[in-house]
Amino acid sequence: MPPYDDGRRFFRHEQLPGYAQEVGVLSSEHAEALSFLRSMRVRADYHEDGLVATEAEATIEEAKALVEHLLGPDDEGGGT
């Protein structure tokens, strides 16, 4: 886990997509999706204008697709 410049040691979330791609956990497409999700979370949490409903819905769909890629489809039919 690389440190911040000031010596603190904790995971830098903005680097996760690149690391996951480097080790083969995510394709470039999925790493891009994870970067998008992170940016939407930051925007929702820290920007005054936040997200509109359609952006939030698109973000949810992107997250579902990424989770399904990582864990496989929901075969029980219960959905989320």
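**Exercise 1. Find how many salt bridges a search of the whole structure gives, then look at the partners.**

*Solution.* Step 1: searching the whole structure turns up four salt bridges, where a salt bridge is a side-chain nitrogen of Lys or Arg within 4 Å of a carboxyl oxygen of Asp or Glu. Before going on, note that this is a predicted model, in which local features need pLDDT of at least 70 and side-chain atom pairs count only at pLDDT 80 or more, while totals for chains, interfaces and linings use all residues. Residues are numbered from 1 along each chain as its sequence is written, and side-chain values use heavy atoms, with hydrogens and water left out.

Step 2: one of the bridges joins Arg-38 to Glu-14, with the closest N and O atoms 3.9 Å apart. This pair links distant parts of the chain, 24 residues apart: Arg-38 sits in helix H2 (residues 28-46) and Glu-14 in the segment before H1. Helices here are DSSP runs (H or I, at least four residues), as are strands (E, at least two), and they are numbered from the N terminus.

Step 3: Asp-45 pairs with Arg-41, and their closest N and O atoms are 2.8 Å apart. Asp-45 and Arg-41 are separated by about one helical turn because they are four residues apart in helix H2.

Step 4: Glu-55 and Arg-43 also meet in a salt bridge, at 3.1 Å from N to O. Glu-55 belongs to helix H3 and Arg-43 to helix H2, so this pair ties together parts that are 12 residues apart in sequence.

**Exercise 2. Decide whether Arg-43 and Glu-55 are buried, partly exposed or exposed.**

*Solution.* Step 1: recall the cut-offs: buried means under 20% relative accessible area, exposed over 50%, and partly exposed in between (1.4 Å probe, protein chains only).

Step 2: Arg-43 has a relative accessible area of 22% and is therefore partly exposed. Glu-55, at 24%, is partly exposed as well.

Step 3: try Asp-45 too; its 49% makes it partly exposed.

**Exercise 3. Identify the residues of the largest nonpolar core, and the residues that Leu-37 touches.**

*Solution.* Step 1: a nonpolar core is a set of buried Ala, Val, Leu, Ile, Met, Phe, Trp, Tyr and Cys residues joined through side-chain atoms within 4.5 Å. The largest one has five residues: Ala-20, Leu-26, Ala-31, Leu-37 and Leu-66.

Step 2: leaving out residues up to four places away in sequence, Leu-37 touches Thr-59, Glu-62, Ala-63 and Leu-66, where contact means heavy atoms within 4.5 Å.

Step 3: for the whole protein, buried residues make up 14% of the 80 residues.

**Exercise 4. Describe the surface patch that includes Val-67.**

*Solution.* Step 1: Val-67 joins Val-23, Val-25, Leu-70 and Leu-71 in a nonpolar surface patch of about 510 Å². Patches are made of residues with over 30% relative accessible area and no salt bridge; like charges are joined within 9 Å, nonpolar side chains (Val, Leu, Ile, Met, Phe, Trp, Tyr) within 5 Å.

Step 2: Val-67 lies in helix H3 (residues 53-71) and is partly exposed, at 44%.

**Exercise 5. Outline the fold and its confidence.**

*Solution.* Step 1: the protein has three helices and zero strands, giving the pattern α-α-α along the sequence.

Step 2: mean pLDDT (the predictor's confidence in each residue, from 0 to 100) is 84 for the protein, and 79% of its residues reach 70 or more.

How values were computed. Areas by Shrake-Rupley, 256 points an atom, 1.4 Å probe, with all protein chains shown as cover.
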